[in-house]
Amino acid sequence: MKKINYTLAVLFIIIVHFAAAQNIGDLDGIYYQAVALDDETREMVGVDMESKPLFNREIGVRFTITKGLDGSVQWEETHVTTTDKYGLFTLIIGKGSVTSSAYDRLLDIPWIDADQFLRIEISTKNNGNYKLVSNQRFMSVPYAFYTDDIADDAIRTEKILNETILTEDIADDAITTEKILNETIITEDIADGAITTEKILNETIISEDIADGAVRTEEILDETILTKDIANDAITTEKILNEEIVAEDIHTGAVTSDEILDETIQNVDIADKTINLETKVSHILPVKNGGTGMDASGIANGQILVGDETNSDFQLTNIKAGTGIEITNTAGGIEIASPPVGVDSDGSFTIPVGSNGVITKNKAWYSPNSLKISSSPDKPIVMGDIFLASADSDLKGCILSTYLQSIDGGGKANVQVIIFNPQSIDVQLAPTMTFKFLLVK
């Protein structure tokens, strides 16, 4: 949101007689009244509020009267004053601390030239740092300062009786009401029985009565309408029912969701099924919310969440292989298997059995000594390993056993396979059988 800082003052300059008695020699000041406005921008939801009244603040004010715009300085003075609760302050030009002057008195300035400009500067913190508020020409010459221009016993405003000036007496192009500056008409100037603001009934001022360029609702600053200004039974924010404001009621450029401050939307404000975890969740999803608690790029193959009964936290870890078990971790898979014996491609080999497959009664058949099983460097066969064997044919009551005989220097183990016939008759087996082995470490 764009921020623009200003130091502003709403000016109400009134050139009046500053004297109890209306004597020309006593006229030595120009009455000045204004509202001091803050020069800092307040950031709020949807809009930056600017220029709020500086209430109860000590400020510095510098007046400079120049001949022409930015011409030679005829008079310059400074004031220190404190604003009231509305930011309003009142000063008299000519009563400050003079810092530069071409004349001894304000009265001595050649007002008859009518080319004076008034430059006004404000120091909102009264620290000597002044900011320009305005630099405008005096639109009417302060005639009250002219001794020679007013004849003795001339008619003064206090001598003009009510209604003695008629419409016929007002020259064309004379001063009209729209030319009268704000607050130059005070209570004493309002005749008895005249219309005052408290006498205007509700709705008696309608749209047709509001002049072009008049203050509109969107120009009313924040907090300028107070509770006491709201009529009884008027609509207040707590009386607006839920969902009474629809999309059509929201002005273009009004507050949007990206301008809503953190935590102003609570869980109760979110409709059911609004959040889609597949598309809405970013960053790391904690374990307590069903995630892993870490970035996916930091999870190794085969890691899973494992709980610990002594610790409420879950930990990422790998499955560990026990004795005689191999675990292979791949992307998206974990394979648990017993290691095969390195005999050939399928861990088996085929040999002839007995004499044409006959095992005589109470006799045993022994496999040839050339039956060797290969080992690998990372899984060497050692004495004490257990070999289990199976045959691909019916043993017909015979007993199959296997054991490790020896390991030679070439990394191969001699394995003995025995088929024993405990029966009292000869048994005819398949003359050629395939044996498969399992190594258990």
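**A surface patch and two nonpolar cores**

Ile319 lies in the loop between β12 (311-318) and β13 (326-330). The model is predicted. In it, Ile319 is partly exposed, with a relative accessible area of 32%. That value is over the 30% required of patch residues, so Ile319 can count towards a patch. Ile319 indeed belongs to a nonpolar patch on the surface, together with Ile304, Val306, Ile325, Ile334 and Ile336. The accessible area of these residues together is about 430 Å². Two strands each supply at least two residues of the patch: β11 (303-308) and β14 (333-337).

The chain as a whole has 441 residues. Its secondary structure comprises one helix and 23 strands. Of the residues, 24% count as buried. The chain exposes about 30,900 Å². Carbon and sulfur atoms supply 52% of that area. Contacts were also grouped by separation along the chain. Among contacts with a separation of 6 or more, 60% come from residues 24 or more positions apart.

Buried nonpolar residues form cores. The largest nonpolar core holds 22 residues. Within this core, Val353, Trp365, Ile381, Ile419, Phe435 and Phe437 touch the most other members. Three strands, β15 (348-352), β21 (412-421) and β23 (432-440), each supply at least two residues of this core. Another core lies apart from it and has 20 residues. Its members include Ala36, Ile109, Leu118 and Phe138.

Technical notes
Residues are numbered from 1 along each chain as its sequence is written. This is a predicted model: local features need pLDDT of at least 70, side-chain atom pairs count only at pLDDT 80 or more; totals for chains, interfaces and linings use all residues. Side-chain values use heavy atoms; hydrogens and water are left out. Helices (H or I, at least four residues) and strands (E, at least two) are DSSP runs, numbered from the N terminus. Buried means under 20% relative accessible area, exposed over 50%, partly exposed in between (1.4 Å probe, protein chains only). Contact means heavy atoms within 4.5 Å. Accessible areas come from the Shrake-Rupley method with a 1.4 Å probe; for residues, only the protein chains shown count as cover. Patches are made of residues with over 30% relative accessible area and no salt bridge: like charges are joined within 9 Å, nonpolar side chains (Val, Leu, Ile, Met, Phe, Trp, Tyr) within 5 Å. A salt bridge is a side-chain nitrogen of Lys or Arg within 4 Å of a carboxyl oxygen of Asp or Glu. A nonpolar core is a set of buried Ala, Val, Leu, Ile, Met, Phe, Trp, Tyr and Cys residues joined through side-chain atoms within 4.5 Å.
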